[in-house]
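Hello,

Here is the structure for you to look at. My notes follow below it.

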Amino acid sequence: MAIQDIPFQTIDWAQIPVTEHPGDEGTAYWQTRQYEGLRIRIVQYSAGYIANHWCEKGHIVQCLEGSFISELSDGTNFSLSAGMTYVVSDDLSSHKSVTKHGVKLLIIDGDFLKAGQKD
């Protein structure tokens, strides 16, 4: 599925509703803009947040504030802090997020991150 044509626009995140998503510990707060084949979110994890599942979806994750650990199912951990980014395609890792003090992220995902996708 191709991403639809998206005309120039701005996103005023202050106008985007917040939804709550409980973790094993703490809460994730999402503000989401959804387009065909593309999702853009500002996500904030509360202090002490531990994700409640292993995610296999591809993402581009930019850490805006704070820090967190992206834990892979093989036991590898990556520590990210403000100004750092990680990128992964769909189905190429099982990962989950953990934060001690809280974090604010910009997360972009969509069809363009499907593993094995060719032009």
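**Charges over rings**

The charged end of arginine 41 lies over the ring of tryptophan 30, at 4.3 Å from the ring centre. Keep in mind that this is a predicted model. A second contact of this kind involves lysine 96: its charged end sits over the ring of tryptophan 54, 4.8 Å from the centre.

**The largest pocket**

Trp30 and Arg41 come up again here. Both are among the five residues closest to the centre of the largest pocket, together with Tyr45, His53 and Cys55. The lining has 21 residues. The space in this pocket is about 320 Å³.

Which strand gives the most to the lining? It is S3, with four residues. At least two residues each come from strand S1 (18-22), strand S2 (27-35), strand S3 (38-45), S4, strand S7 (95-98) and strand S8 (103-110). By type, the lining holds 12 nonpolar, six polar and three charged residues.

**Aromatic pairs**

How many aromatic pairs does a search of the whole structure find? Two.

Tyrosine 45 and tyrosine 49 form a stacked pair, because their ring planes are at 5° and the centres are 4.2 Å apart. The cut-off for stacking is under 30 degrees. Are these two tyrosines buried or exposed? Tyrosine 45 is buried, at 12% relative accessible area. Tyrosine 49 is buried too, at 5%. Recall that Tyr45 is also one of the residues closest to the pocket centre.

Phenylalanine 68 and tyrosine 86 make a tilted pair: the centres are 6.5 Å apart and the planes are at 45°, so the angle fits neither stacked nor edge-to-face. This pair links distant parts of the chain. Phenylalanine 68 is in strand S4 (residues 59-72) and tyrosine 86 in strand S6 (residues 85-88), 18 residues apart. Both phenylalanine 68 and tyrosine 86 are buried.

**Strand S4 and its partner**

S4 carries phenylalanine 68 and also supplies at least two residues to the pocket lining. S4 runs antiparallel to strand S5 (residues 77-81), and five bridges join them. Across from phenylalanine 68 stands leucine 80 in S5. S4 and S5 form a hairpin with four residues between the strands. In that hairpin, glycine 75 takes a positive phi near 95°.

Best wishes

Methods:
Residues numbered from 1 in each chain as written. Predicted model: local features only at pLDDT ≥ 70, side-chain atom pairs only at ≥ 80, totals over all residues. Heavy atoms only, no water. Phe/Tyr/Trp six-rings, centres within 6.5 Å; stacked < 30°, edge-to-face > 60°. Buried < 20%, exposed > 50% of the residue type's maximum accessible area, 1.4 Å probe, protein only. Lys NZ or Arg CZ within 6 Å of the ring centre and 35° of its normal. 1 Å grid on protein atoms, 1.4 Å probe; cavity = no way out; pocket = protein on both sides within 12 Å on 5 of 7 lines; lining within 4 Å. Points joined across faces, edges and corners; volume = space filled by probe spheres on them. Nonpolar A, V, L, I, M, F, W, Y, C, P; charged D, E, K, R; others polar. Pairing = 2+ DSSP bridges.
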